[in-house]
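Trainee: Could you walk me through one part of this structure up close? I'd like to look at the place where the ligand sits, and at what lies around that spot.

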Amino acid sequence: MRVHGEVSDDEAATVVESVPLCPPPASAQRLVVGYALTKKKVRSFLQPKLLALARKKGIHFESIDETRPLSEQGPFDIILHKLTSKEWQQVLENYREEHPEVTVLDPPNAIQHLNNRQSMLQEVADLNLSNGYGEVCTPRQLVIMKDPSSIPDAVAKAGLTLPLVAKPLVVDGTSKSHELSLAYVEASLPLLDPPLVLQEFVNHGGILFKVYIVGETIRVVRRFSLPDVNTYDLGNNDGIFRFPRVSCATNNAEDADVDPCIAELPPKPLLEKLGKELRRRLGLRLFNIDMIREHGRKDRYYVIDINYFPGYGKMPGYEHIFTDFLLSLVQSKYERLLSAS
Ligand SMILES: O=P(O)(O)O[C@H]1[C@H](O)[C@@H](OP(=O)(O)O)[C@H](OP(=O)(O)O)[C@@H](OP(=O)(O)O)[C@H]1O
Ligand SMILES: Nc1ncnc2c1ncn2[C@@H]1O[C@H](COP(=O)(O)OP(=O)(O)O)[C@@H](O)[C@H]1O
Ligand SMILES: [Mg+2]
Ligand SMILES: [Mg+2]
(Lines give C-alpha, C1' and ligand atoms only; values in the text may rest on other atoms or scores of the structure.)
(Ligands and ions follow the chains in the order given, each with its own letter.)
Protein backbone atom coordinates (compact mmCIF):
# COMPACT_ATOMS: atom_id res chain seq x y z
CA MET A 1 0.00 0.00 0.00
CA ARG A 2 1.26 3.44 -0.84
CA VAL A 3 2.18 5.76 1.96
CA HIS A 4 0.10 8.80 1.07
CA GLY A 5 2.00 11.68 -0.38
CA GLU A 6 5.18 9.76 -1.10
CA VAL A 7 5.97 9.89 -4.77
CA SER A 8 7.53 6.70 -5.98
CA ASP A 9 9.02 6.17 -9.43
CA ASP A 10 6.29 3.59 -10.05
CA GLU A 11 3.66 6.14 -9.35
CA ALA A 12 5.38 8.73 -11.49
CA ALA A 13 5.29 6.25 -14.34
CA THR A 14 1.50 5.91 -14.04
CA VAL A 15 0.83 9.65 -14.28
CA VAL A 16 2.49 10.38 -17.62
CA GLU A 17 0.50 13.13 -19.34
CA SER A 18 0.17 11.44 -22.70
CA VAL A 19 -1.53 8.29 -21.34
CA PRO A 20 -5.27 8.61 -22.06
CA LEU A 21 -7.34 8.32 -18.91
CA CYS A 22 -9.70 5.32 -18.85
CA PRO A 23 -13.13 5.86 -17.29
CA PRO A 24 -12.86 6.44 -13.57
CA PRO A 25 -14.69 4.16 -11.13
CA ALA A 26 -18.33 5.06 -10.48
CA SER A 27 -17.47 6.28 -6.99
CA ALA A 28 -14.93 8.72 -8.39
CA GLN A 29 -17.13 10.28 -11.04
CA ARG A 30 -17.54 13.27 -8.78
CA LEU A 31 -14.16 14.10 -7.41
CA VAL A 32 -14.31 16.11 -4.20
CA VAL A 33 -11.27 18.29 -3.49
CA GLY A 34 -11.21 19.90 -0.04
CA TYR A 35 -9.05 22.98 0.27
CA ALA A 36 -7.51 24.80 3.22
CA LEU A 37 -5.85 27.90 1.78
CA THR A 38 -5.39 31.52 2.78
CA LYS A 39 -7.85 34.08 1.37
CA LYS A 40 -5.04 35.44 -0.84
CA LYS A 41 -4.36 31.97 -2.22
CA VAL A 42 -8.06 31.23 -2.78
CA ARG A 43 -8.28 34.44 -4.83
CA SER A 44 -5.21 33.71 -6.92
CA PHE A 45 -5.78 29.97 -7.37
CA LEU A 46 -9.52 29.29 -7.46
CA GLN A 47 -10.20 31.56 -10.41
CA PRO A 48 -13.50 31.27 -12.30
CA LYS A 49 -11.73 29.64 -15.30
CA LEU A 50 -10.42 26.85 -13.04
CA LEU A 51 -13.76 26.34 -11.32
CA ALA A 52 -15.64 26.24 -14.64
CA LEU A 53 -13.33 23.66 -16.21
CA ALA A 54 -13.28 21.60 -13.02
CA ARG A 55 -17.07 21.49 -12.93
CA LYS A 56 -17.12 20.20 -16.53
CA LYS A 57 -14.70 17.45 -15.55
CA GLY A 58 -16.68 16.43 -12.45
CA ILE A 59 -14.30 18.03 -9.95
CA HIS A 60 -15.89 19.83 -7.05
CA PHE A 61 -13.87 22.14 -4.74
CA GLU A 62 -15.06 22.36 -1.15
CA SER A 63 -13.73 24.80 1.44
CA ILE A 64 -12.46 23.18 4.65
CA ASP A 65 -13.53 24.76 7.94
CA GLU A 66 -10.42 24.50 10.15
CA THR A 67 -12.46 25.11 13.28
CA ARG A 68 -14.39 21.85 12.78
CA PRO A 69 -13.05 18.27 12.89
CA LEU A 70 -11.86 17.23 9.42
CA SER A 71 -13.46 13.78 9.67
CA GLU A 72 -16.88 15.42 9.98
CA GLN A 73 -16.35 17.24 6.68
CA GLY A 74 -16.23 15.90 3.15
CA PRO A 75 -15.83 13.04 2.40
CA PHE A 76 -12.89 14.17 0.30
CA ASP A 77 -10.92 12.38 -2.38
CA ILE A 78 -8.10 14.92 -2.25
CA ILE A 79 -7.08 17.65 0.17
CA LEU A 80 -5.16 20.70 -1.06
CA HIS A 81 -3.62 22.90 1.59
CA LYS A 82 -1.17 25.68 2.35
CA LEU A 83 -1.58 26.75 5.95
CA THR A 84 1.47 26.97 8.13
CA SER A 85 0.29 26.64 11.74
CA LYS A 86 1.66 23.72 13.77
CA GLU A 87 -1.88 22.85 14.92
CA TRP A 88 -3.12 22.51 11.37
CA GLN A 89 -0.17 20.33 10.40
CA GLN A 90 -0.91 18.00 13.30
CA VAL A 91 -4.59 17.85 12.35
CA LEU A 92 -3.60 16.84 8.83
CA GLU A 93 -1.05 14.24 9.95
CA ASN A 94 -3.67 12.62 12.20
CA TYR A 95 -6.20 12.73 9.38
CA ARG A 96 -3.76 11.06 6.96
CA GLU A 97 -3.33 8.19 9.38
CA GLU A 98 -7.05 7.75 9.89
CA HIS A 99 -7.94 8.22 6.21
CA PRO A 100 -5.27 6.62 4.02
CA GLU A 101 -7.82 6.61 1.17
CA VAL A 102 -7.62 10.42 0.93
CA THR A 103 -4.71 11.97 -1.00
CA VAL A 104 -3.26 14.87 0.98
CA LEU A 105 -1.37 17.27 -1.30
CA ASP A 106 1.26 17.34 0.00
CA PRO A 107 2.30 15.70 3.30
CA PRO A 108 2.96 18.39 5.94
CA ASN A 109 6.26 16.83 7.03
CA ALA A 110 7.59 17.03 3.46
CA ILE A 111 6.44 20.64 3.05
CA GLN A 112 8.35 21.57 6.20
CA HIS A 113 11.69 21.28 4.34
CA LEU A 114 10.66 24.28 2.27
CA ASN A 115 9.85 26.44 5.28
CA ASN A 116 13.51 26.93 6.05
CA ARG A 117 15.83 28.51 3.50
CA GLN A 118 18.71 26.28 4.54
CA SER A 119 16.93 22.92 4.27
CA MET A 120 14.99 23.93 1.14
CA LEU A 121 18.13 23.87 -1.03
CA GLN A 122 19.81 20.86 0.57
CA GLU A 123 18.33 18.31 -1.85
CA VAL A 124 19.46 20.42 -4.82
CA ALA A 125 22.99 20.55 -3.41
CA ASP A 126 23.01 16.78 -2.70
CA LEU A 127 21.70 16.04 -6.17
CA ASN A 128 24.84 17.46 -7.79
CA LEU A 129 23.09 17.55 -11.13
CA SER A 130 25.41 17.93 -14.08
CA ASN A 131 24.90 16.47 -17.53
CA GLY A 132 25.31 17.34 -21.20
CA TYR A 133 22.62 20.05 -20.85
CA GLY A 134 24.17 21.93 -17.97
CA GLU A 135 24.91 21.98 -14.32
CA VAL A 136 22.55 22.90 -11.46
CA CYS A 137 24.07 24.28 -8.24
CA THR A 138 23.06 26.31 -5.22
CA PRO A 139 24.81 29.57 -4.23
CA ARG A 140 27.29 29.28 -1.40
CA GLN A 141 25.54 30.24 1.79
CA LEU A 142 25.85 30.56 5.52
CA VAL A 143 23.26 30.48 8.30
CA ILE A 144 23.43 33.11 11.04
CA MET A 145 21.24 32.33 14.02
CA LYS A 146 22.03 35.28 16.30
CA ASP A 147 24.55 38.00 17.21
CA PRO A 148 24.82 40.30 14.18
CA SER A 149 28.20 41.57 15.39
CA SER A 150 29.69 38.13 14.64
CA ILE A 151 28.62 38.20 10.97
CA PRO A 152 31.76 39.76 9.41
CA ASP A 153 33.98 37.11 11.03
CA ALA A 154 31.63 34.29 10.11
CA VAL A 155 31.54 35.48 6.49
CA ALA A 156 35.32 35.77 6.31
CA LYS A 157 35.77 32.33 7.88
CA ALA A 158 33.35 30.75 5.39
CA GLY A 159 35.14 32.54 2.53
CA LEU A 160 31.94 34.06 1.12
CA THR A 161 32.30 36.84 -1.44
CA LEU A 162 30.31 40.09 -1.25
CA PRO A 163 27.71 41.16 -2.18
CA LEU A 164 25.52 38.83 -0.16
CA VAL A 165 21.76 38.37 -0.27
CA ALA A 166 20.36 38.27 3.26
CA LYS A 167 17.16 36.22 3.51
CA PRO A 168 15.07 35.54 6.64
CA LEU A 169 15.79 31.91 7.59
CA VAL A 170 12.17 30.88 8.04
CA VAL A 171 9.53 31.21 5.33
CA ASP A 172 6.17 31.26 7.07
CA GLY A 173 3.83 33.02 4.65
CA THR A 174 4.32 36.44 6.29
CA SER A 175 5.52 39.35 4.20
CA LYS A 176 8.40 39.76 6.67
CA SER A 177 9.82 36.41 5.60
CA HIS A 178 10.18 37.86 2.10
CA GLU A 179 11.97 41.05 3.18
CA LEU A 180 15.35 40.49 1.58
CA SER A 181 18.37 42.75 1.36
CA LEU A 182 21.64 42.97 -0.47
CA ALA A 183 24.73 43.70 1.64
CA TYR A 184 27.52 45.24 -0.43
CA VAL A 185 30.27 45.83 2.10
CA GLU A 186 31.59 44.15 5.21
CA ALA A 187 30.74 47.14 7.42
CA SER A 188 27.04 46.74 6.62
CA LEU A 189 26.88 43.11 7.80
CA PRO A 190 26.34 43.83 11.55
CA LEU A 191 23.23 45.82 10.58
CA LEU A 192 21.49 42.65 9.43
CA ASP A 193 18.82 40.99 11.51
CA PRO A 194 19.29 37.22 12.23
CA PRO A 195 18.14 34.48 12.02
CA LEU A 196 18.99 34.58 8.36
CA VAL A 197 20.70 32.93 5.43
CA LEU A 198 23.51 34.85 3.75
CA GLN A 199 23.82 33.81 0.15
CA GLU A 200 26.38 34.85 -2.45
CA PHE A 201 24.80 37.05 -5.09
CA VAL A 202 25.06 35.51 -8.55
CA ASN A 203 24.97 37.86 -11.55
CA HIS A 204 22.33 36.54 -13.92
CA GLY A 205 21.43 39.36 -16.32
CA GLY A 206 18.31 40.38 -14.40
CA ILE A 207 16.11 37.49 -15.53
CA LEU A 208 14.82 34.67 -13.34
CA PHE A 209 13.14 31.43 -14.42
CA LYS A 210 10.13 30.29 -12.42
CA VAL A 211 9.81 26.57 -12.94
CA TYR A 212 6.38 25.31 -11.94
CA ILE A 213 5.87 21.65 -11.06
CA VAL A 214 2.43 20.02 -10.94
CA GLY A 215 3.03 16.30 -10.54
CA GLU A 216 4.74 15.23 -13.76
CA THR A 217 4.12 18.46 -15.58
CA ILE A 218 6.67 21.26 -15.78
CA ARG A 219 6.14 24.80 -17.05
CA VAL A 220 8.67 27.61 -17.01
CA VAL A 221 8.17 31.38 -17.25
CA ARG A 222 10.53 34.37 -17.17
CA ARG A 223 10.38 37.11 -14.55
CA PHE A 224 12.46 40.23 -14.04
CA SER A 225 14.91 39.92 -11.20
CA LEU A 226 17.66 42.00 -9.59
CA PRO A 227 20.14 43.56 -12.05
CA ASP A 228 23.77 42.46 -12.11
CA VAL A 229 26.17 44.00 -9.62
CA ASN A 230 29.46 45.28 -11.02
CA THR A 231 32.69 46.57 -9.52
CA TYR A 232 31.46 50.17 -9.86
CA ASP A 233 28.37 49.37 -7.70
CA LEU A 234 30.58 47.69 -5.13
CA GLY A 235 32.97 50.61 -4.92
CA ASN A 236 30.20 53.19 -4.65
CA ASN A 237 27.90 51.53 -2.21
CA ASP A 238 28.51 51.54 1.49
CA GLY A 239 25.35 50.00 2.78
CA ILE A 240 22.44 47.69 2.49
CA PHE A 241 19.86 47.70 -0.25
CA ARG A 242 16.52 46.40 0.97
CA PHE A 243 14.47 45.17 -1.93
CA PRO A 244 10.80 44.28 -2.41
CA ARG A 245 9.40 41.04 -3.87
CA VAL A 246 11.14 41.46 -7.19
CA SER A 247 10.06 38.24 -8.87
CA CYS A 248 6.31 38.63 -8.38
CA ALA A 249 3.83 38.28 -11.22
CA THR A 250 3.80 42.00 -12.06
CA ASN A 251 7.42 41.52 -13.11
CA ASN A 252 6.48 39.19 -15.94
CA ALA A 253 9.30 39.25 -18.51
CA GLU A 254 7.78 36.90 -21.09
CA ASP A 255 7.48 39.52 -23.84
CA ALA A 256 10.29 41.82 -22.78
CA ASP A 257 13.02 42.84 -25.15
CA VAL A 258 15.93 41.05 -23.48
CA ASP A 259 19.25 39.81 -24.86
CA PRO A 260 18.40 36.33 -26.23
CA CYS A 261 21.39 34.80 -24.40
CA ILE A 262 19.86 35.95 -21.12
CA ALA A 263 16.25 35.23 -22.00
CA GLU A 264 16.83 31.72 -23.40
CA LEU A 265 14.93 29.20 -21.27
CA PRO A 266 16.91 26.45 -19.52
CA PRO A 267 17.05 23.23 -21.59
CA LYS A 268 13.92 21.11 -21.16
CA PRO A 269 15.77 17.83 -20.47
CA LEU A 270 17.69 19.54 -17.64
CA LEU A 271 14.47 20.84 -16.09
CA GLU A 272 12.80 17.46 -16.49
CA LYS A 273 15.63 15.70 -14.70
CA LEU A 274 15.69 18.34 -11.95
CA GLY A 275 11.90 18.28 -11.51
CA LYS A 276 11.74 14.48 -11.39
CA GLU A 277 14.59 14.20 -8.89
CA LEU A 278 13.28 16.93 -6.61
CA ARG A 279 9.75 15.53 -6.70
CA ARG A 280 11.10 12.21 -5.50
CA ARG A 281 13.61 13.54 -2.99
CA LEU A 282 11.30 16.16 -1.48
CA GLY A 283 8.23 13.89 -1.60
CA LEU A 284 6.24 16.80 -3.06
CA ARG A 285 4.09 17.20 -6.14
CA LEU A 286 3.18 20.89 -6.00
CA PHE A 287 6.05 23.34 -5.91
CA ASN A 288 8.10 25.79 -7.93
CA ILE A 289 11.80 26.33 -8.35
CA ASP A 290 13.30 29.84 -8.77
CA MET A 291 16.31 29.40 -11.01
CA ILE A 292 18.89 31.77 -12.49
CA ARG A 293 21.65 31.27 -15.08
CA GLU A 294 25.02 32.73 -14.26
CA HIS A 295 25.67 35.64 -16.59
CA GLY A 296 28.27 34.65 -19.15
CA ARG A 297 28.05 30.92 -18.30
CA LYS A 298 25.65 29.37 -20.76
CA ASP A 299 25.19 26.16 -18.85
CA ARG A 300 25.53 26.96 -15.16
CA TYR A 301 22.26 27.31 -13.28
CA TYR A 302 21.57 28.12 -9.64
CA VAL A 303 18.45 27.23 -7.69
CA ILE A 304 17.86 30.09 -5.25
CA ASP A 305 14.38 29.38 -3.90
CA ILE A 306 11.77 26.60 -3.79
CA ASN A 307 8.17 27.42 -2.88
CA TYR A 308 5.38 25.09 -1.91
CA PHE A 309 2.07 25.58 -3.79
CA PRO A 310 3.26 28.71 -5.62
CA GLY A 311 1.19 31.18 -7.62
CA TYR A 312 -0.19 28.62 -10.10
CA GLY A 313 -2.86 31.13 -11.11
CA LYS A 314 -0.18 32.87 -13.19
CA MET A 315 1.05 29.69 -14.86
CA PRO A 316 -0.17 29.62 -18.48
CA GLY A 317 -2.89 26.98 -18.93
CA TYR A 318 -2.93 26.12 -15.23
CA GLU A 319 -6.62 25.25 -15.24
CA HIS A 320 -6.06 22.41 -17.73
CA ILE A 321 -2.84 21.20 -16.12
CA PHE A 322 -4.28 21.21 -12.63
CA THR A 323 -7.59 19.51 -13.42
CA ASP A 324 -5.81 16.81 -15.46
CA PHE A 325 -3.42 16.30 -12.57
CA LEU A 326 -6.26 15.88 -10.04
CA LEU A 327 -7.99 13.35 -12.31
CA SER A 328 -4.73 11.45 -12.84
CA LEU A 329 -4.34 10.99 -9.10
CA VAL A 330 -7.70 9.26 -8.84
CA GLN A 331 -6.98 7.26 -11.96
CA SER A 332 -3.70 5.92 -10.62
CA LYS A 333 -5.31 5.12 -7.27
CA TYR A 334 -8.02 3.18 -9.14
CA GLU A 335 -5.41 1.28 -11.16
CA ARG A 336 -3.56 0.36 -7.98
CA LEU A 337 -6.75 -0.92 -6.37
CA LEU A 338 -7.53 -2.99 -9.49
CA SER A 339 -4.08 -4.56 -9.58
CA ALA A 340 -4.26 -5.33 -5.85
CA SER A 341 -7.66 -7.09 -6.13
O1 LIG B 1 8.55 33.05 -2.78
P2 LIG B 1 8.30 33.56 -4.12
O3 LIG B 1 9.37 33.19 -5.07
O4 LIG B 1 7.95 35.03 -4.12
O5 LIG B 1 6.98 32.78 -4.66
C6 LIG B 1 5.70 33.32 -4.46
C7 LIG B 1 4.82 32.50 -3.52
O8 LIG B 1 4.68 31.19 -4.00
C9 LIG B 1 3.43 33.18 -3.41
O10 LIG B 1 2.56 32.38 -2.69
P11 LIG B 1 2.36 32.61 -1.14
O12 LIG B 1 1.98 34.05 -0.96
O13 LIG B 1 1.27 31.64 -0.81
O14 LIG B 1 3.68 32.27 -0.52
C15 LIG B 1 2.76 33.40 -4.73
O16 LIG B 1 1.60 34.21 -4.53
P17 LIG B 1 0.09 33.85 -4.78
O18 LIG B 1 -0.59 34.00 -3.47
O19 LIG B 1 -0.39 34.89 -5.74
O20 LIG B 1 -0.08 32.48 -5.32
C21 LIG B 1 3.70 34.11 -5.64
O22 LIG B 1 3.12 34.14 -6.88
P23 LIG B 1 3.36 35.34 -7.89
O24 LIG B 1 2.54 36.50 -7.38
O25 LIG B 1 2.88 34.73 -9.16
O26 LIG B 1 4.80 35.62 -7.94
C27 LIG B 1 5.05 33.40 -5.78
O28 LIG B 1 5.91 34.13 -6.60
N1 LIG C 1 21.73 34.28 -4.73
C2 LIG C 1 21.09 35.17 -5.46
N3 LIG C 1 21.72 35.77 -6.50
C4 LIG C 1 21.07 36.69 -7.26
N5 LIG C 1 19.79 37.09 -7.03
C6 LIG C 1 19.12 36.53 -6.01
C7 LIG C 1 19.73 35.53 -5.18
N8 LIG C 1 18.83 35.15 -4.25
C9 LIG C 1 17.72 35.88 -4.49
N10 LIG C 1 17.87 36.69 -5.54
C11 LIG C 1 16.86 37.64 -6.06
O12 LIG C 1 15.97 37.92 -4.99
C13 LIG C 1 14.65 37.46 -5.30
C14 LIG C 1 13.99 36.90 -4.06
O15 LIG C 1 14.74 35.85 -3.52
P16 LIG C 1 14.08 34.45 -3.17
O17 LIG C 1 15.13 33.59 -2.57
O18 LIG C 1 13.40 33.92 -4.36
O19 LIG C 1 13.06 34.85 -2.02
P20 LIG C 1 11.46 34.80 -1.94
O21 LIG C 1 11.13 33.52 -1.25
O22 LIG C 1 11.08 35.97 -1.10
O23 LIG C 1 10.94 34.86 -3.33
C24 LIG C 1 14.85 36.42 -6.39
O25 LIG C 1 13.69 36.27 -7.15
C26 LIG C 1 16.01 37.03 -7.16
O27 LIG C 1 15.54 38.11 -7.96
MG1 LIG D 1 11.40 33.41 -4.86
MG1 LIG E 1 10.13 31.83 -1.85
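**Around the ligand**

Mentor: Sure, and let's begin with a lysine: the side chain of Lys314 has an N or O atom 2.3 Å from an oxygen atom of ligand 1. Keep in mind that this is a predicted model. Two other side chains make similar approaches: Lys210 puts an N or O atom 2.9 Å from a ligand oxygen, and Asn307 has a polar side-chain atom 2.8 Å from an oxygen of ligand 1. On its own, ligand 1 would expose 560 Å², and the protein buries 88% of that.

Now zoom out a little. The shell around ligand 1 has 17 residues, with Lys40 and Lys41 also among the closest. Sort them by type and you get 9 charged, 5 polar and 3 nonpolar. Helix α2 (39–45) and strand β15 (300–308) each supply at least two of them, and α2 gives the most, with 3.

Follow β15 and you land in an open, mixed sheet of 6 strands, ordered β5-β6-β15-β14-β11-β12. β5 (130–131) and β12 (217–224) are at the edges with a single partner strand each, so one side of each has no neighbour in the sheet. Inside the sheet, β15 pairs antiparallel with β14 (286–293) over 7 bridges, and Asp290 stands opposite Asp305 of β15.

Two helices belong in the picture too. α10 (268–282) lies across β5, β6, β11, β12, β14 and β15, at about 135° to β14. α11 (318–340) packs on the sheet as well, touching β11, β12 and β14, with its direction at about 30° to that of β11.

Conventions
Residues are numbered from 1 along each chain as its sequence is written. Chains are lettered from A and ligands numbered from 1 in the order in which they are written. This is a predicted model: local features need pLDDT of at least 70, side-chain atom pairs count only at pLDDT 80 or more; totals for chains, interfaces and linings use all residues. Side-chain values use heavy atoms; hydrogens and water are left out. A residue is near a molecule or strand if one of its heavy atoms lies within 4 Å of it. A polar contact is a pair of N or O atoms within 3.5 Å; within protein, one must be able to donate a hydrogen and the other to accept it, and residues adjacent in sequence count only if both atoms are side-chain atoms. Accessible areas come from the Shrake-Rupley method with a 1.4 Å probe; for residues, only the protein chains shown count as cover. Helices (H or I, at least four residues) and strands (E, at least two) are DSSP runs, numbered from the N terminus. Ala, Val, Leu, Ile, Met, Phe, Trp, Tyr, Cys and Pro count as nonpolar, Asp, Glu, Lys and Arg as charged, and the others, Gly among them, as polar. Two strands pair if DSSP finds at least two bridges between them. Contact means heavy atoms within 4.5 Å. Axes are lines fitted to C-alpha atoms, for helices over the stretch in contact, and angles run from 0 to 180 degrees between N-to-C directions.
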